[in-house]
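Colleague: Got a minute to go through this one with me? Put it up and let's talk.

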Protein chains: 2
Amino acid sequence: MEQEVLSHPQEQERLLDWLESEVTGVLDWLSGYSEGESAGVTRLLYSKPWLAAQQGLAGRMTRAGLETTFDEVGNLYGKLQGRQPDVPSIVTGSHIDTVIQGGKYDGAYGIAAGLVALAYLQKRYGKPLRSLEVVSLCEEEGSRFPLAYWGSGNVVGKRSHEQIVTLVDQEGMGFGEAMKACGFGAGSARPALRRDIGAFIETHIEQGGVLESEGLAIGIVDSIAGQRRVRIELVGEANHAGTTPMHLRKDALEGAGLMLHLLRQEAIRRGAPLVATVGKLQVSPNVPNVVPGGVQFTVDARHTDDAQLDSFCSWMRTTFTELAEQRGLSIAFDEWFREGAVPLHAALNSRLERICQEQGIAARHMPSGAGHDAQMFGGHCPTALLFVPSKRGISHSPEEYTSPRELAIGVLVLVELLYNLGYEEGELHA
Amino acid sequence: MEQEVLSHPQEQERLLDWLESEVTGVLDWLSGYSEGESAGVTRLLYSKPWLAAQQGLAGRMTRAGLETTFDEVGNLYGKLQGRQPDVPSIVTGSHIDTVIQGGKYDGAYGIAAGLVALAYLQKRYGKPLRSLEVVSLCEEEGSRFPLAYWGSGNVVGKRSHEQIVTLVDQEGMGFGEAMKACGFGAGSARPALRRDIGAFIETHIEQGGVLESEGLAIGIVDSIAGQRRVRIELVGEANHAGTTPMHLRKDALEGAGLMLHLLRQEAIRRGAPLVATVGKLQVSPNVPNVVPGGVQFTVDARHTDDAQLDSFCSWMRTTFTELAEQRGLSIAFDEWFREGAVPLHAALNSRLERICQEQGIAARHMPSGAGHDAQMFGGHCPTALLFVPSKRGISHSPEEYTSPRELAIGVLVLVELLYNLGYEEGELHA
């Protein structure tokens, strides 16, 4: 499904202009909540700028006429109460935390889009049938404490207070202590776990260059890739670079070099959506005139099909083991991270596809190679994830950028979907 | 020239027993002069243990009946005056300094061998025709200050006080200041430069595994390899490991991996004595889930033939540039170190070869991939360099080891050569 952006009717143009000014207004304002004076946005979980941002957002939600509540871990909800109070809510949003020196769109865009969409829908159409909620999830990045998806994970029951007991940040502050300092923690507010969510919709920047390179406005995510992360250690023999003839060497770095070249070749051969990355590599002793005796490197492999991902990892293990043996190197594998692929909701995606067609918005289906809050909701309730383009695919950087019009088109699609789910009669997930 | 060790006549056996006990005695004693309590030997230029070792050696030289003098940079000579005082001296020795946590043989062996050889020759044959000298050169490793061959370089006029003006050690102490603290420096003693050396003979451990792997006792070095050291920088594009499809990547590390694999292949194809090593490699940003945007690595290439070495480096430049272009990477080369090959003296080597044959000692001709004081003397006077085996090729480590018998065989060959040059009539270098 790829098509050109059609000419917009005048009304759509006016709406996009308004959405553009609203959503960029919220994003610019939110980006002011950042630690220190350095470039980009740094808003770590339970930090001062994080708390100020959540409180500021609560104020904006209240002024927009939403019922505003925090849960016990600091997730913030703004609710537009529906006329049928006992049916599950339609929830949209993303995370408020950032990486260190991140951009102003990652996470924040999903919250801003939800806030603007709900404000528009309420102003234009009044009370919905089903309740609509925007959520500012407290944490997704894992940047302050070594645990990610704390916000969405608590909502769906995949995170718990037992998991954080021993976790500390770089300054040695405990996870629970930091939470308490912001006024949150077990029993401080309503429980985070929710069983009354009828659908979760997340809008997010792509963080990759596919939409931009294909000139498309919207990515409808079919599946969030599964991930395997493996640490590989090669041990050879450190030797004098001048006195050890080539045939007497056990050079761990040369072995690693060939491995990572073959890894790329094989990933290309197997084809998208498989990606495989050696991002980190360390050499020992790492001295110009010593043959490297040891190398450690990481492999990050992702695919939306877990079976194909496992097959690739198994190829890797066999091939690398053979290469190591040929060179007299010992090799050890440590798969320290494993996350299954999460398919998103086909019926919701069909609605998104229809909306884009009706609105003349150029879109495509695509996988998400990055993890998102949507993957936590994916096993819990019908979930959709919507991408807008990222300039040059850059993310987790002050350089992160999506144009105001691209942001507005994403909000427009969200508005249409929320209208469809919240205001129109009919089955929720047909 | 490879042959088995023949049975030694009884006299040779007795002599070897004596040389073994003498040379290991000196080496064990010398290894006691070391900084701190850590493993191995640490004797940095102009440090306290360095000064104590030189003073201790001066005492031993004097007691062995040698005329003992320091020069102005701290090189220590012990001279067995010849009957023909105006003909050039035959000098043997090596360096007294070590790397940090080095072994007890590197450098020290050449001094101990010279001291034992001169003591034996004097005791056995009395005054030689030509003067024989043993030298404990003050510095070779470049481990304290970023300048190597300070000892031999001053003797042959390739080092000067102008070169050290701005040099400081890791604690910020100046080179000249450290020298002065030990009582040395310009004008403190006789000038270091010498024009009265008729031949220089260095005995040294191989620091490689060739002699051991071939079961040989002596390596006669034909040439010290020339060296080229090049820093290579690749710049690609750092990207998200999950969201950047393989075909949109500019992965600097994958490019480097293939380069260093091909470098080894080509070095093997071109054959010994060429060696090429990527010893140091650094990745940026070096994070598991980011496609590497930059890589810096070093290439250390050595060959005894400068033309062949240049040809290899030129192949490397062309091949790496092509590979980088194919991948959309930029590449920069910086050759920061270049040293020509130094051929050693053919006539001296013929004498060594004859001595080994006569003594039934298994020997071979070989290149030296490592640098040695002999390469400074090589352009100054007829020079020979003699290797004894290194266990598992290990050097610059507390694990450095050569057996007492192997050490003694090296001293025996040195004794024979010094006798030949110092006591026998005839042309010095025919």
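Colleague: Of the contacts in chain A between residues at least 6 apart in sequence, what share joins residues at least 24 apart?
Modeller: 78% of them. Keep in mind that this is a predicted model.

Colleague: OK. How many helices and strands in chain A?
Modeller: Eleven helices and 16 strands. The radius of gyration is 24 Å and the globule rule gives 22 Å for 430 residues, so chain A is as compact as a globular protein of that length.

Colleague: And what box do the C-alpha atoms fill?
Modeller: Roughly 80 × 50 × 40 Å along the principal axes. As for burial, 55% of the 430 residues of chain A count as buried.

Colleague: Switching to the contact: how many residues does each chain put in?
Modeller: 50 from chain A and 50 from chain B. On the chain B side, H7(B) gives the largest share, ten residues. Other elements of chain B that supply at least two residues each include helix H6 (210–214) and strand S12 (294–303).

Colleague: What's the mix by class on that side of chain B?
Modeller: There are 23 nonpolar, 19 polar and eight charged residues on the side of chain B that touches chain A.

Colleague: How is chain B related to chain A?
Modeller: A turn of 180° with a shift of 0.1 Å along the axis lays chain B on chain A, with an RMSD of 0.1 Å. That's the relation of a two-fold axis.

Colleague: Which residue of chain B has the C-alpha nearest the axis?
Modeller: B:Gly257, at 1.8 Å from the axis.

Colleague: Why say the copies meet through the same surface?
Modeller: Because 100% of the interface residues of chain B are interface residues in chain A too.

How values were computed. Residues are numbered from 1 along each chain as its sequence is written. Chains are lettered from A and ligands numbered from 1 in the order in which they are written. This is a predicted model: local features need pLDDT of at least 70, side-chain atom pairs count only at pLDDT 80 or more; totals for chains, interfaces and linings use all residues. Helices (H or I, at least four residues) and strands (E, at least two) are DSSP runs, numbered from the N terminus. The radius of gyration is taken over C-alpha atoms; the globule rule is 2.2 Å times the number of residues to the power 0.38. A residue is buried if 20 or more other C-beta atoms lie within 10 Å of its own, exposed if 12 or fewer, and partly exposed in between; C-beta atoms are placed from the backbone. Two residues are in contact if their C-beta atoms, placed from the backbone, lie within 7 Å. Ala, Val, Leu, Ile, Met, Phe, Trp, Tyr, Cys and Pro count as nonpolar, Asp, Glu, Lys and Arg as charged, and the others, Gly among them, as polar. Copies are superposed by least squares on the C-alpha atoms of residues with pLDDT of at least 70 in both.
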